[in-house]
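Visitor: Please take me through a single part of this chain at close range. Pick one strand and follow its surroundings.

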Amino acid sequence: MSKKKKRKPLPLLQSACGFVDTHCHLDMDRYTDDVDDVISRAKSAGVGTIITIGIDLASSKEAVGLCSQHQNVYATVGIHPHYAPTCNASTMAQLRELSKHPKVVAFGEIGINRYKDYAPIADQIKAFTIQLQCAKELNLPIIIHDREAHAEIITILKAQGPFPAGGIIHCFSGDKTVARKFLDLGFHLSIPGVVTFKKALDLQEATASVPLNRLLLETDGPFLAPEPYRGKRNEPAYLLYTAEKVAMLHNISLEKLAEITSQNVQNLLQIKL
Ligand SMILES: [Zn+2]
C-alpha cells in the first residue's frame, strides 16, 4: 500500500467559460522549473486566464515578460509594502514605462502589511500613497494588499480617492463589516483559498455577503493553497477548490460563478476574455 495521501480531486467545471486567477506570482522561484506546466494545468482545470502580479521593479519586469510570452497571462506592476523603501523617483518612472504594455491591466500590489513589518510603517504609507496617485493618473485599477491594516487602508483610500478605475482588495481577509466598507468605496473583493479552511468562518460569512457583481477569485500562488493542499505550494489550477466553496456559499453552480466572476474581471480590468 502506498502511503501517499489521496487528496480530493479538482472539482470539474462543465462549461466553456473558465475562471480567472486574479492574483498569482508566476515569476517566483517556486515556479521556475515548471511554469509552463503550471499554466497548462490551470487551463485544463478551467482556469483559462491568470493575472501575474508585480511586487517590486524586478518582478514587475518579469510579470511583463511572462504576459508577453503567454497568451492567457496578464500582468500588473507595482511595489509591495515589504519593498516600500525601493519606491523612489527612478523605480516609479520605470514602473510607469512598464505599465504602457498593452497587457498590464492594473497597478499593484500596493498597500500596508502590519503582520510582518519588513519595511518601516512610514515608508509603507509613503509608497502606498505615491502609488495610489500614480495609478490614478494612469487610470489603472489598483490591487490592494491589506494585511492586518484594514482601518489604516480604509482611511488612506478615503483621503486619496475616489478611484474611478476601481480596484481589488486582494486576498480579502476581513469580516462582513470590513467587506462592507471596501464595497462602499467601490472596490471588488478577491477571495483566496483561505475560505476553504474549516475555521475561516468570518471569511466565509463575509464572502457570502459580497454581491456577486463585486466578487473575484484568486490563488495568491505560490502561497495560501486551499484545502486539500493547505501548506503545499499553491498554483492556479487549485482555484477550483476555492471556487467550489464560494459557489456553495452563494448557493449557485460552479459554472454560474465562472460566468459572473469572469464578467467582473472583464469589466474591471478591461480585458476581453
Ligand atoms: Zn500577492
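Guide: What follows is a close look at strand 7 and its neighbours. Bear in mind that the model is predicted.

Strand 7 covers residues 188-191. Both of its faces are covered. His-188 and Ser-190 lie on one side, Leu-189 and Ile-191 on the other, and all four are buried.

Take the strand 6 side next. Strand 6 is made of residues 167-170 and runs parallel to strand 7, with two bridges between them. Across this pairing, Ile-169 faces Leu-189 of strand 7. The chain gets from strand 6 to strand 7 through helix 6, residues 176-184, and this β-α-β crossover is right-handed.

Now the strand 8 side. Strand 8, residues 215-217, is also parallel to strand 7, and three bridges join them. Here Ser-190 stands opposite Leu-216. Helix 7, residues 201-209, belongs to a right-handed β-α-β unit with strand 7 and strand 8.

Then the setting. The chain holds nine helices and eight strands. Of its 273 residues, 56% count as buried. Among contacts with a separation of 6 or more, 74% are between residues 24 or more positions apart.

The overall dimensions come last. A compact globule of 273 residues would have a radius of gyration near 19 Å; the chain has 17 Å, so the two agree. Its C-alpha trace spans about 60 × 40 × 35 Å along the principal axes. The exposed area is about 12,400 Å², with 53% supplied by carbon and sulfur atoms.

Terms used:
Residues are numbered from 1 along each chain as its sequence is written. This is a predicted model: local features need pLDDT of at least 70, side-chain atom pairs count only at pLDDT 80 or more; totals for chains, interfaces and linings use all residues. Side-chain values use heavy atoms; hydrogens and water are left out. Buried means under 20% relative accessible area, exposed over 50%, partly exposed in between (1.4 Å probe, protein chains only). Two strands pair if DSSP finds at least two bridges between them. A crossover is right-handed if, with the strands pointing away from the viewer, the path from the first strand over the helix to the second runs clockwise. The radius of gyration is taken over C-alpha atoms; the globule rule is 2.2 Å times the number of residues to the power 0.38. Contact means heavy atoms within 4.5 Å. Accessible areas come from the Shrake-Rupley method with a 1.4 Å probe; for residues, only the protein chains shown count as cover.
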